[in-house]
2 protein chains.
Amino acid sequence: MDVAERLIRTHGYGGFSFREVADAVGIKSASVHYHFPTKPDLVSAVAKRYRERFSDALDQAEARGEDRIKAWRDLFQKALEQDGLMCLCGILAAEGDSLPPEVAQEAFAFMEFGIASLDASYPGQGARILSQLEGAMLLSRSAGSLDVFRSATQDLA
Amino acid sequence: MDVAERLIRTHGYGGFSFREVADAVGIKSASVHYHFPTKPDLVSAVAKRYRERFSDALDQAEARGEDRIKAWRDLFQKALEQDGLMCLCGILAAEGDSLPPEVAQEAFAFMEFGIASLDASYPGQGARILSQLEGAMLLSRSAGSLDVFRSATQDLA
DNA sequence: ATCCATCTATCTATAGATAGGTAAATTTAT
DNA sequence: ATAAATTTACCTATCTATAGATAGATGGAT
């Protein structure tokens with residue numbers, strides 16, 4: 001799942017294969033199918049885990065007394081600067097119509113969760129803030145430079 | 001190119017094929033290769049045309065005395081509500097690492113153009129505004145509802 | 001007569017997926 | 001405690017579908 005997540009976050013749903021995952025792990029593609037019978041199964045599981053991990057990280061930030069917006073921004077920025085990875089569900093959302101329903105729904109669940117999380121602290125502004133963050137990652141990856149992310153989100157710091 | 005653009009904007013770079021384009025046009029895939037030898041050739045051409053068309057539409061809006069932010073917002077919103085399509089280059093940017101260099105560069109050119117265009121009227125805020133718009137399209141398509149786009153961009157109206 | 005746009009046919013690569021087999025670990029029954 | 005049964009996690013081999021791409025033929029337009 002770690003390997004799959006990384007591959008999806010760099011190449012998208014359609015841009016990775018069971019064989020790539022298998023090669024990276026050092027097994028055969030049939031063995032990946034053993035654990036996750038279909039591609040939607042695999043990607044749904046990865047997306048679900050991603051959302052849960054994200055939620056946990058936010059809880060920890062809250063326990064440290066951090067502002068919600070800052071927590072979101074920092075989490076995304078760290079992923080960008082440490083691994084050059086953008087939000088898993090942002091990528092999935094972009095592929096939209098070609099996603100199997102289960103996967104699309106899991107990506108949507110993340111967005112709903114994000115909007116609700118931000119709305120809780122900044123009523124009515126969740127969608128705007130999450131949009132800004134997801135878009136900033138998109139531009140930043142396109143430009144190949146973290147500066148764009150920083151510039152696009154400096155008002156959220 | 002119309003067909004290809006629509007397919008890319010719904011399924012992404014990797015999510016459409018020469019055969020789909022050909023079928024929609026009513027010819028064979030080999031005939032599409034006649035006009036655009038390779039897939040990067042086709043998609044680069046589509047992306048370039050997209051940017052030029054966008055630029056023209058902005059010029060027209062400016063001639064009508066419209067605000068730049070409003071012009072950008074309206075163009076994206078119209079695409080979403082009329083055809084359910086998000087920004088071509090937003091989708092391409094998301095696929096990032098799996099794009100052929102020429103295509104990635106064309107997507108980046110659009111983003112640069114957008115940032116510069118918005119910066120010209122709102123200095124230092126171009127990246128933020130374009131991020132917000134691209135992200136809002138992403139969330140909106142994921143939610144399958146224009147309301148999300150409106151909610152995420154109401155401050156830009 | 002030549003060129004353009006299309007066709008048919010085909011190549012090679014890769015995709016997701018499945019069938020069937022095997023060795024080792026684990027669980028159950030005696 | 002040990003033998004038998006089962007399950008786990010792999011494997012090889014293969015199927016079918018589809019991808020991008022190319023070669024060579026055809027027919028109409030200039």
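Let's start with one residue: Gln60(A) is exposed, because it has 11 other C-beta atoms within 10 Å and a residue with 12 or fewer counts as exposed. Gln60(A) belongs to helix α4 of chain A. Its C-alpha atom is separated by 9.4 Å from that of Ala71(A), a residue 11 places away along the chain. Keep in mind that this is a predicted model.

**The helix around Gln60(A)**

Now zoom out to the helix itself. Helix α4 of chain A covers residues 39-63, which makes 25 residues. From its first C-alpha to its last, α4(A) reaches 36 Å, close to the 36 Å expected at 1.5 Å a residue.

Which residues of α4(A) are buried? They are Leu42(A), Val43(A), Ser44(A), Val46(A), Ala47(A), Tyr50(A), Arg51(A) and Phe54(A). These buried residues pack against α1, α5 (68-83), α6 and α7 of chain A. Just after α4(A) you'll meet Gly65(A), which takes a positive phi of about 80°.

**Chain A as a whole**

If you're looking for strands in chain A, you'll come up empty: its secondary structure comes to 9 helices and 0 strands. Chain A has a radius of gyration of 16 Å, close to the 15 Å that the globule rule gives for 157 residues, so it is as compact as a globular protein of that length. Taken along the principal axes, the C-alpha atoms of chain A fill a box of roughly 45 × 30 × 30 Å.

How much of chain A is buried? Buried residues make up 45% of its 157 residues. There's also a story in who touches whom: take the contacts in chain A between residues at least 6 apart in sequence, and 58% of them join residues at least 24 apart.

**Two chains, one surface**

Chain A has a partner. A rotation of 180° with 0.0 Å of shift along its axis superposes chain A on chain B, with an RMSD of 0.0 Å. The two copies are therefore related as by a two-fold rotation axis. The same surface serves both copies, as 100% of the contact residues of chain A recur in chain B.

So what does that meeting place look like? In the contact between the chains, 34 residues of chain A meet 34 residues of chain B. On the chain A side, α1 (2-11), α6 (88-95), α7 (101-121), α8 (126-143) and α9 (146-153) each supply at least two residues. The most comes from α8(A), with 14 residues. By class, the side of chain A that touches chain B has 15 nonpolar, 13 polar and 6 charged residues.

**A helix covered from both chains**

Over in chain B, helix α7 (residues 101-121) has 21 residues. It reaches 31 Å from its first C-alpha to its last, close to the 30 Å expected at 1.5 Å a residue. Among the buried residues of α7(B) are Phe108(B), Phe110(B), Met111(B), Gly114(B) and Leu118(B).

What covers the buried residues of α7(B)? The cover includes α8 of chain A, together with α4 (39-63), α5 (68-83), α6 (88-95) and α8 (126-143) of chain B.

Leu118(B) also gives us a handy distance. Ser145(B) and Leu118(B) are 27 residues apart in sequence and 26 Å apart in space, C-alpha to C-alpha. You'll find Ser145(B) in the loop between α8 and α9 (146-153) of chain B. With 13 C-beta neighbours inside 10 Å, Ser145(B) counts as partly exposed.

**Where the DNA sits**

The model also holds DNA strands C and D, and here is what surrounds each of them.

| DNA strand | Residues around it | Closest residues | Classes |
|---|---|---|---|
| C | 15 residues | Ser17(A), Ile27(B), Lys28(B), Ala30(B) and Tyr34(B) | 6 nonpolar, 5 polar and 4 charged residues |
| D | 15 residues | Lys28(A), Ala30(A), Ser17(B), Ala30(B) and Thr38(B) | 6 nonpolar, 5 polar and 4 charged residues |

Which helices supply at least two residues each of the surface near DNA strand C? They are α2 (18-25) and α3 (29-35) of chain A, together with α3 (29-35) of chain B. For the surface near DNA strand D, α3 of chain A together with α2 (18-25) and α3 of chain B each supply at least two residues.

Methods:
Residues are numbered from 1 along each chain as its sequence is written. Chains are lettered from A and ligands numbered from 1 in the order in which they are written. This is a predicted model: local features need pLDDT of at least 70, side-chain atom pairs count only at pLDDT 80 or more; totals for chains, interfaces and linings use all residues. Two residues are in contact if their C-beta atoms, placed from the backbone, lie within 7 Å. Helices (H or I, at least four residues) and strands (E, at least two) are DSSP runs, numbered from the N terminus. Ala, Val, Leu, Ile, Met, Phe, Trp, Tyr, Cys and Pro count as nonpolar, Asp, Glu, Lys and Arg as charged, and the others, Gly among them, as polar. The expected span of a helix is 1.5 Å times one less than its number of residues. A residue is buried if 20 or more other C-beta atoms lie within 10 Å of its own, exposed if 12 or fewer, and partly exposed in between; C-beta atoms are placed from the backbone. A residue is near a molecule or strand if its C-beta atom, placed from the backbone, lies within 6 Å of it. Copies are superposed by least squares on the C-alpha atoms of residues with pLDDT of at least 70 in both. The radius of gyration is taken over C-alpha atoms; the globule rule is 2.2 Å times the number of residues to the power 0.38.
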